[in-house]
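Work through the two exercises below with the sequence and the coordinates side by side, and try each task before reading its solution.

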Amino acid sequence: MGADYGTILAAKYIINNNVWGKSHSPGGHESVYCSNAVSPVTWGATYDWPVGDKPYNVKAYPSIISGWHWGTWSAGSGLPVRLGDRRSIVTSGSVAVTNPGVQNVAYDCWIHRIADPGNQSQPTDEVMVWVARYGGAGPLGKMQERVEIGGATWDLYRGVTTWNVYSFVRVDNATSWTIDLRDFTDYLVSAKGWLEKEKYLTSVQFGTEIFKTDGAGSFEVANYRCDVE
């Protein structure tokens with residue numbers, strides 16, 4: 001699927017050819033594909049994103065979506081969930097990145113005050129979980145502390161754009177993992193007091209934010225799942 005913002009339905013997920021920063025990389029291109037549309041899903045992307053006029057800006061985020069995406073909802077995701085209900089959101093997979101440039105491998109989780117946001121409903125918070133990064137890619141905001149969550153060590157960053165952004169960046173890159181995203185939202189609610197338990201996790205997305213590549217690259221994800229339990 002090479003069309004900009006083109007989608008592929010795969011089990012209870014939507015795979016999105018998200019190229020939201022392409023205007024800063026003339027000549028850049030990207031395609032997404034799905035090799036196995038039954039959960040757990042095998043999918044990926046191929047791309048080439050020259051640095052362009054803004055080297056530190058994300059050019060694209062090919063990703064797989066559970067739940068809300070600016071008014072569109074995937075079917076059967078189990079989302080939204082209220083943070084205070086402490087439902088487990090177990091997700092796992094493995095990834096191979098060929099010819100990495102400046103990019104991450106990351107979850108992007110969206111938080112709203114309401115359970116049923118539409119396409120005009122701005123989130124209040126964004127929680128990112130970076131399981132790997134390459135080429136010096138870094139998150140928005142300033143590092144706050146180093147924490148142990150889910151058997152791994154993470155650097156926690158805090159920043160603000162239109163909404164609050166909290167990024168957990170794994171200290172050592174992982175190529176495969178199983179994590180409970182509730183561990184991260186619980187930490188922000190209970191340990192830090194930065195999230196309110198009355199808010200809703202409406203969306204879990206996973207993919208690679210690409211700042212730039214040096215020639216063609218690829219991103220392949222095997223055995224991906226995200227289950228609300």
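Two strands are taken to pair if DSSP finds at least two bridges between them, strands (E, at least two residues) being DSSP runs numbered from the N terminus. The model is predicted, so local features need pLDDT of at least 70 and side-chain atom pairs count only at pLDDT 80 or more, while totals for chains, interfaces and linings use all residues. Residues are numbered from 1 along each chain as its sequence is written, and side-chain values use heavy atoms, with hydrogens and water left out.

**Exercise 1.** Determine which strands are joined by bridges to E13, and in which direction they run.

Solution. Begin with strand E12 (residues 152–160), which is joined to E13 by seven bridges in an antiparallel arrangement; Gly159, for instance, has Val165 of E13 as its bridge partner. The connection from E12 to E13 is a hairpin of three residues. Turn next to strand E10 (residues 125–134), which runs parallel to E13 and is joined to it by six bridges, with Ser167 of E13 as the bridge partner of Met128. Finally, consider burial (buried means under 20% relative accessible area, with a 1.4 Å probe and protein chains only): because five of the seven residues of E13 (residues 164–170) are buried, the strand is largely enclosed by the rest of the structure.

**Exercise 2.** Establish which strands each supply at least two residues of the lining of the largest pocket.

Solution. A pocket is an open set of points on a 1 Å grid over the protein atoms alone, where a 1.4 Å probe fits, with protein on both sides within 12 Å along at least five of seven lines; lining residues have an atom within 4 Å of a point. Strand E9 (102–112), E10 and E13 each meet the condition, and E10 gives the largest share, three residues. The lining comprises 25 residues, with Trp20, Asp108, Glu126, Trp163 and Glu209 nearest the centre of the pocket.

Note on methods:
Buried means under 20% relative accessible area, exposed over 50%, partly exposed in between (1.4 Å probe, protein chains only). Helices (H or I, at least four residues) and strands (E, at least two) are DSSP runs, numbered from the N terminus.
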